[in-house]
Structure formats: C-alpha cells, structure tokens
Amino acid sequence: MDQTQLLKGVLDLAVLAVVEGEDGYGYDIVRRLRDGGLREVGDASVYGTLRRLYAAGALTSYVVPSESGPHRKYYGITPVGRGQLHEQRTDWYAFASTLDGLLASTAPHSTTPGVSA
C-alpha cells in the first residue's frame, strides 16, 4: 500500500507525537518519523508541517548554536499542540478500531486447499 496517501491525513498527528516527549530539529524529526516506521515521509512534507503547526500555535521554536554546522531550529510542543495531539490521538484510535472491525468482518476465508477457516 502506498504510504504517501495515508500520510497526508496523519502527518500532523505523527509530528506532534514525535515532539511530545522530546524537542527536535527538522531533520531529527524526519529521522525519528522514519525510524518509527514512516519510511516514505518526505523532508519537504515534514518541514511544511512544522511551519504550519508553528503558525497555528501548536509548536514553539528556538535556535541552538551548533559547533559542527549551522545553528539548528528546535521545535517543541505547546499546550495548544498537546490539546490537538490528544484530540487527534482519540480520533485515530476510534478510526483504526472501526477499520480493524471492518477488515476482520470482511476478511476472506482461507483459500488453502484442505484448510478450513
């Protein structure tokens, strides 16, 4: 299944979840999303999401000097972002539960000869 279409609807939720426990800079957040299993997430999509969540007040940002390269802009979650994360997390669990039920009720029976479901 193509993850890119699925990601469009849940990238805000995924980014908020990643920074909930620990602030991070752009590429760090991309890496944590990929390490978490969202291997097809694009850099540009994440940076756009960070800008949008920041503009909406869901994220705060601050700059940290780096000795090994350019300064890094870190993002952290705000109380508005925590509220948004809580709401979207609840919605996601309800949606996933509904879809799990639909998939389980319509799953084909085994087609292996000699094996009955």
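This is a short tour of how the helices and strands of one structure fit together.

Hello everyone, and thanks for having me. One thing to keep in mind as we go: the model on the screen is predicted.

Let's start with the sheet. It is an open one, built from 3 strands in the order β1-β3-β2, and the pairing is antiparallel. Which strands sit at the edges? Those are β1, at 24-25, and β2, at 59-64, and each of them pairs on one side only. As a reminder, strands in a sheet pair through backbone hydrogen bonds, in a parallel or an antiparallel way.

Now follow the pairings along β3. Strand β3 covers residues 72-77 and meets β1 in the antiparallel sense over 2 bridges. If you want a spot to find on your screen, look for G24, whose bridge partner in β3 is Y75. With β2, β3 again pairs in the antiparallel sense, here over 6 bridges. Over there, T60 has G76 of β3 as its bridge partner.

What lies on this sheet? Helix α1 packs on it and touches β1, β2 and β3, with a direction at about 95° to that of β3. Helix α3, residues 43-55, lies across β2 and β3 and runs at about 115° to β2.

That brings us to the helices themselves. When two helices pack, we describe them by the angle between their axes and the distance between those axes. Take α1 and α3: they pack at about 80°, and their axes are 10 Å apart. α1 is therefore roughly perpendicular to α3. On the α1 side, the contact is made by L11, D12, V15 and L16, while α3 brings S45, V46, T49, L50, R52 and L53. Sorted by class, that contact has 6 nonpolar, 2 polar and 2 charged residues.

Next, α1 and α4. α1 is residues 3-21 and α4 is residues 79-106; the angle between them is about 125°, and the axes are 10 Å apart. So these two helices are oblique to each other. The crossing of α1 past α4 is left-handed. Who makes the contact? From α1 we have V10, D12, L13, L16, A17 and E20, and from α4 we have G81, R82, Q84, L85, Q88, R89 and W92. By class, that gives 6 nonpolar, 3 polar and 4 charged residues. You may recognise D12 and L16 here, as both also belong to the contact of α1 with α3.

One more pair, and then I'm nearly done. Helix α2, residues 26-35, and α3 have axes that come within 10 Å and cross at roughly 120°. That makes α2 and α3 oblique to each other, so picture a slanted arrangement. What hand does this crossing have? α2 passes α3 in a right-handed crossing. The residues in contact are G26, Y27, I29, V30, L33 and R34 of α2, together with D43, V46, Y47 and L50 of α3. By class there are 7 nonpolar, 1 polar and 2 charged residues. V46 and L50 of α3 may sound familiar, since they are in the contact with α1 as well.

Finally, a word on annotation. An unreviewed UniProt entry lists residues 15-87 as "domain: Transcription regulator PadR N-terminal". How much of that stretch is helix, and how much is strand? Over residues 15-87 the chain is 53% helix and 19% strand, and the end C-alpha atoms are 14 Å apart.

That's my tour, and thank you for listening.

Notes. Residues numbered from 1 in each chain as written. Predicted model: local features only at pLDDT ≥ 70, side-chain atom pairs only at ≥ 80, totals over all residues. Heavy atoms only, no water. Axes fitted to C-alpha atoms, helices over the stretch in contact; angles between N-to-C directions. Helix = DSSP H or I, 4+ residues; strand = E, 2+ residues; numbered from the N terminus. Parallel < 35°, antiparallel > 145°, perpendicular 65-115°, else oblique. Left-handed = near helix turned anticlockwise from the far one by under 90°. Contact = heavy atoms within 4.5 Å. Nonpolar A, V, L, I, M, F, W, Y, C, P; charged D, E, K, R; others polar. Pairing = 2+ DSSP bridges. UniProt positions renumbered as here; feature names shortened; annotations may be inferred.
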